[in-house]
Amino acid sequence: MKKVISIFLLCLLSAGLGLSARDLPKIVKNKSGVKQLVLDNKPYVMLAGELMNSSASTLESMAPKWRNLKNLNLNTVLLAVTWEQLEPEEGKYDFTVVDGLINEARKHDLKLVFLWFGSWKNGSSGYAPYWVMKDTKRFPRMRGQDGGNLPYLSNFTQALTDIESKAFSALMSHIRQIDSAEQTVLMVQVENEVGLLGDSRDRSLKAEELFRKDVPEELVKYISKNEKKILPEIIGQWKVNGKKTQGSWQELFGNESHNLADEMFMGWHYARHIQQVASAGKEAYPIPMFVNAWTIYPKDPIPGKYPSGGPNARMLDIYQLAAPAIDVLAVDNYNEDYISKLKEYDRNDNPVFVPEAVALSRGEKWSGPAKAFYTLAEFDAMCFSPFAIDNYSVYNEKHSLKAAYEVLGNLLPLIAKEQGTGRMRGFMQEGNTSDRIDFGDYEMHVNYHTAEPYEGYGLVIRLSEDEFLVSGYSVNISFSSKNKKRPGISYGTIREGRFVNGEWKTLRYLGGDEAMQGVGGVKMPPVYTNEEKTPDLITTVIVKLIPVEP
């Protein structure tokens, strides 16, 4: 009888009917004020990779990939779930692929982040169901300046918002039913890089009518109340236009600054659509949700060249107000100035989350390890994820991401603990040949081995008054004292190693040539000649310093 009761209770828990044996994944602030994803009451940092768009469309396509993904030392995989496959006929849902993805992830001890490709993906509507796209009267398209229909679903259509919300709710209800106990799915992305391409705003009759109407009162009040908080570009244009508290989008914001009024108008209505979809999903299963952005590139700063109204940095304030069900605005960061784009999203209490970066399939210089170390350590990031992680060229046994994620995985408990404390810093070569990291009384000097961008990188964590953990590659690191009473430095011990069951295990005591004769710091990796250096030789050391009086 007891066994029958236990099975009954387990079924209730699995169905998520208000009885939860485990807290759901959630985002909370740590003691230092940094937002972290928390799983089983512990911070969870994603060493992730995002698959190519079509990879997860069938279980057969995914079958050979799982082992390779696990071998790369990922802990999380980001992959698409598409509306067209989930609801091939209106009201009829097919969860076969969703179930299979979750089961295979569990077998390989991997967590998942689902990317919901619904009404829009990269501005277009290529993943909406056929029956939605076919019914142009019920689900109209946006229009261009020439009056012709564009191949994008209109974000001014309540029928579209309602029907997508219903589908997304069904997905989240199903995930709750099969996964609330094991919690394989940690987060969900709502849409993908939304925004209008080819024009700064929709020119359909309905859109034009709404554009001429008053800006929503809640947005005007928010801007009036938060002048110092909101992006200067928005506040500046609002002031230029007389700080009006009522009027149309054009009257309040104008289009003098890169079609600002047009983009804010589109951004508001995209965000309101996303808010309803996300809210329906969270009502069914309240795990964290995010949106991702196609960023503004310096060479194409005009809305329409990039998706107008998407959650780019210029629209961050709009999305935070209009879509409060979204927990994170994430940056897809392929930018040449990678660091500046992270800074644009690191504001308004928005945590740094990078779901896409450094795609091997695009022929870019591979910079994944450098950006992974830097993003997690310098920006206390929740996630770092290269795109096209299932590209065949990543699966080389000596691939540098495999080694980088192995080292970062070993350090994750310490990284999570130090987020927001100021004791952890990242460093990365973007074109500079050296860096200095100031700890107040000490300064750490980083000299990169070559001038090649992204070859040298790492992180440093201050463990105690005179002890530092440094992990990195292709750098020489040294320290100097800023204490005038004890301006000299000697190196007490330099220990290379790793953590084993939470305890530091020293593998080598470094000195001589590997430690620049004990007076110059540490060469990383600590090899005798540069010919011995390979990208998988990422080094972690604990350095004990001895300040010396003059």
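This is a dialogue on how to read some features of a predicted model.

Reader: Where should I start, and what average pLDDT does the protein chain have?

Author: Start with confidence, then go to the details. The protein chain averages a pLDDT of 92, and 93% of the residues score at least 70. Residues 1-19 need separate treatment, with a pLDDT below 50. Beyond near neighbours in sequence, that stretch has 16 contacts in the model.

Reader: How do I read a sheet, and in what order do its strands lie?

Author: Read across the strands, from one edge to the other. Here 9 strands form an open sheet in the order 12-14-4-5-6-9-10-11-13, with parallel pairing. Its edges are strand 12 (353-354) and strand 13 (356-357), each of which pairs on one side only.

Reader: Which helices pack on the sheet?

Author: Two can be described, and for each the thing to look for is the list of strands touched. Helix 14 (residues 338-345) packs on the sheet and touches strand 10, strand 11, strand 12, strand 13 and strand 14 (383-384). The direction of helix 14 makes about 170 degrees with that of strand 11. Helix 16 (residues 400-418) also packs on the sheet, touching strand 4 and strand 14. Its direction makes about 145 degrees with that of strand 4.

Reader: Take one pair of strands in that sheet. How many bridges join strand 10 to strand 11?

Author: Strand 10 (residues 289-294) and strand 11 (residues 328-333) run parallel and are joined by 5 bridges. To find the register, pick one facing pair: Phe 290 stands opposite Val 328 in strand 11.

Reader: Now strand 5. Is it mostly covered or mostly exposed?

Author: Look at each residue of the strand, and at which way it points. Strand 5 (residues 76-82) is mostly covered, with 7 of its 7 residues buried. Thr 76, Leu 78, Ala 80 and Thr 82 point one way, while Val 77, Leu 79 and Val 81 point the other way. Both sets are buried.

Reader: Which strands are joined to strand 5?

Author: Strand 4 (residues 46-50) is joined to strand 5 by 3 bridges, and the two run parallel. In that pairing, Ala 48 stands opposite Thr 76. Strand 6 (residues 111-121) is also parallel to strand 5, with 7 bridges between them. There, Val 81 has Trp 116 as its bridge partner.

Reader: Trp 116 has a ring. How do I read aromatic pairs, and how many are there?

Author: Take the distance between ring centres, then the angle between planes. The count comes to 19 aromatic pairs. In one of them, the rings of Trp 83 and Trp 116 have centres 6.5 Å apart and planes at 40 degrees, so the pair is tilted. Trp 83 belongs to helix 4 (residues 83-86) and Trp 116 to strand 6, so this pair ties together parts 33 residues apart in sequence. Trp 83 is buried, at 0% relative accessibility, and Trp 116 is buried, also at 0%.

Reader: Why is the pair of Trp 131 and Phe 139 called edge-to-face?

Author: Its planes stand at 65 degrees, and over 60 counts as edge-to-face. The ring centres of Trp 131 and Phe 139 are 6.5 Å apart. Trp 131 counts as buried at 16% relative accessibility, and Phe 139 at 1%. Together, Trp 83, Trp 116, Trp 131, Phe 139 and Phe 168 form one aromatic cluster.

Reader: Which charged ends sit over rings?

Author: Check which residue carries the charge and which the ring. The charged end of Arg 201 sits over the ring of Phe 211, 3.8 Å from its centre. Lys 371 has its charged end over the ring of Tyr 454, 4.6 Å from the centre.

Reader: How do I read an antiparallel case, and what joins strand 18 to strand 19?

Author: Look for the connection, then the bridges. A hairpin joins strand 18 to strand 19 through 2 residues. Strand 18 (residues 457-464) and strand 19 (residues 467-473) pair in the antiparallel sense over 7 bridges, and Ile 461 has Leu 469 as its bridge partner. Strand 15 (residues 424-428) is also antiparallel to strand 18, with 5 bridges; Arg 425 stands opposite Val 460. Strand 18 is mostly covered, with 6 of its 8 residues buried.

Reader: Last, a single residue. Is Phe 253 buried or exposed, and what does it touch?

Author: Phe 253 lies in helix 11 (residues 249-253) and is buried, with a relative accessible area of 1%. Beyond residues up to four places away in sequence, Phe 253 touches several others, including Val 215, Ile 223, Trp 238 and Met 264.

Definitions and conventions: Residues are numbered from 1 along each chain as its sequence is written. This is a predicted model: local features need pLDDT of at least 70, side-chain atom pairs count only at pLDDT 80 or more; totals for chains, interfaces and linings use all residues. Side-chain values use heavy atoms; hydrogens and water are left out. pLDDT is the predictor's confidence in each residue, from 0 to 100. Contact means heavy atoms within 4.5 Å. Buried means under 20% relative accessible area, exposed over 50%, partly exposed in between (1.4 Å probe, protein chains only). Helices (H or I, at least four residues) and strands (E, at least two) are DSSP runs, numbered from the N terminus. Two strands pair if DSSP finds at least two bridges between them. Rings of Phe, Tyr and Trp (its six-membered ring) pair if their centres lie within 6.5 Å; planes under 30 degrees apart count as stacked, over 60 as edge-to-face and the rest as tilted. A charge sits over a ring if NZ of Lys or CZ of Arg is within 6 Å of the ring centre and within 35 degrees of the ring normal. Axes are lines fitted to C-alpha atoms, for helices over the stretch in contact, and angles run from 0 to 180 degrees between N-to-C directions.
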